[in-house]
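Visitor: I would love a close look at the interior of this protein. Could you walk me through how its core is put together?

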Amino acid sequence: MAAPPDLNLENYRIGKPLRESELDSVYLGERLEPFREVTIRVLTLPDPDDSELSEKLKSEAHTAVSFDHTNLVQVLDSGIVGRHFYCISEYLSGGSLENRLGPPMDPDDALDIARSVAAGLRHIHERGFVHRDVRPSNILFDQHGEPKLADFGISKAFDARGFPTERGLEMESSPYQSPEERDGGELDERSDFYSLGVILHEMLAGRRSSPSDPRPELPEELEELQPVLRGMLARSPSNRFVSATALIRALQQDRSTKGTRPLSVEERKRGRTTGERPDDMDHRTTRRFIDQEEGDDKKTRKVRLRDRRNIQALVWTGITALGVFLAAASVLAIQWILDRL
């Protein structure tokens, strides 16, 4: 599909279409000065006079421009021309994760992708934002194979205002949505972790988990990763990882180190012989990952408290020593005066 004839962007040339959907069209483009290949995304507004939608899109795009992280697609410019909203970002030649899904991926590759996306999410979350649309088509790769997260909720802002009724379009819920998003509830960073968990399961198992399946299982040879996955896919947000940092640490665990890795098949079986349920063992292991970040903060506080107490002890010791010295000096001075009389 050719670009809209009434869309003229200063210092940019719109080239061939890269993809098209009912929501938007994406084109390969060029920034003329300084030259750079870019991606130009165009959304046609249902009502160009809808100031609320226009401001919402501008706000989302302005937020995206402010992000600067290796694992986030760099947004360069955005705006509205006539009834068209455009968003210009760096061009990535490696395609999307959506095009790489199919048979199960190598676990190390899948975990590398998940860690990179989680790192990008951490950058977003630390600035008080939630992505809200983590899906394979929004995970792109550069020429070196580095994954980068794109979109940043611009589609959600558009969806919330609806499409032109004459087009007869109804947006379907995404299979990567968290339960609270499907139920219309409040969203926080843990909703993004759920979406990434669905993607991680799909990369490892070679199939997408169903929203009706609250406990998707991995193949037996990958069962050691099950606790981490459950920490991402718990139906209740309170049972998921508390932060992207905690999630990244869990994904970085050395699977060969006993005591810090998720439970193996043999360990889960031994749990049955001791009367301990495997699910309880999974939960305890996952909670260890979740609580690790909080534990580090507690250790830091303990060290500070210990140092403060040591300083206080030294101060009181110094004061006591000074008091003893002054008392002794006073006695000697009085004795010297009496001897002179």
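**Inside the protein**

Guide: Happily! Buried residues account for 42% of the 341 residues in the protein, and please keep in mind that this is a predicted model. The protein has nine helices and seven strands, and 61% of its contacts with a separation of 6 or more are between residues 24 or more positions apart.

Now to the core itself. The largest nonpolar core contains 41 residues, and Leu97, Leu200, Met203, Phe241 and Leu247 have the most contacts inside it. At least two residues of this core come from each of helix H2 (107-125), strand E6 (139-141), helix H5 (189-205), helix H6 (226-233) and helix H7 (244-251). H2 provides the largest share, with nine residues.

Leu200 is a good place to zoom in. Setting aside its neighbours within four places in sequence, Leu200 touches Ala110, Leu111, Ala114, Leu229, Met232 and Leu251. Apart from the largest core there is another one, of 10 residues, including Leu23, Ala61, Ala64 and Phe85.

What about empty space? There are three cavities of 30 Å³ or more, and the largest cavity holds about 70 Å³ of space. That cavity is lined by 11 residues, of which Tyr194, Val198, Ser209, Ser210 and Pro211 are the closest to its centre. Sorted by class, the lining of the largest cavity comprises seven nonpolar, two polar and two charged residues.

To finish on the outside, the protein exposes about 18,800 Å², with carbon and sulfur atoms supplying 50% of it.

How values were computed. Residues are numbered from 1 along each chain as its sequence is written. This is a predicted model: local features need pLDDT of at least 70, side-chain atom pairs count only at pLDDT 80 or more; totals for chains, interfaces and linings use all residues. Side-chain values use heavy atoms; hydrogens and water are left out. A nonpolar core is a set of buried Ala, Val, Leu, Ile, Met, Phe, Trp, Tyr and Cys residues joined through side-chain atoms within 4.5 Å. Buried means under 20% relative accessible area, exposed over 50%, partly exposed in between (1.4 Å probe, protein chains only). Helices (H or I, at least four residues) and strands (E, at least two) are DSSP runs, numbered from the N terminus. Contact means heavy atoms within 4.5 Å. On a 1 Å grid over the protein atoms alone, a cavity is a set of points where a 1.4 Å probe fits but cannot get out, and a pocket is an open set with protein on both sides within 12 Å along at least five of seven lines; lining residues have an atom within 4 Å of a point. Grid points are joined across faces, edges and corners, and a volume is the space filled by probe spheres set on the points. Ala, Val, Leu, Ile, Met, Phe, Trp, Tyr, Cys and Pro count as nonpolar, Asp, Glu, Lys and Arg as charged, and the others, Gly among them, as polar. Accessible areas come from the Shrake-Rupley method with a 1.4 Å probe; for residues, only the protein chains shown count as cover.
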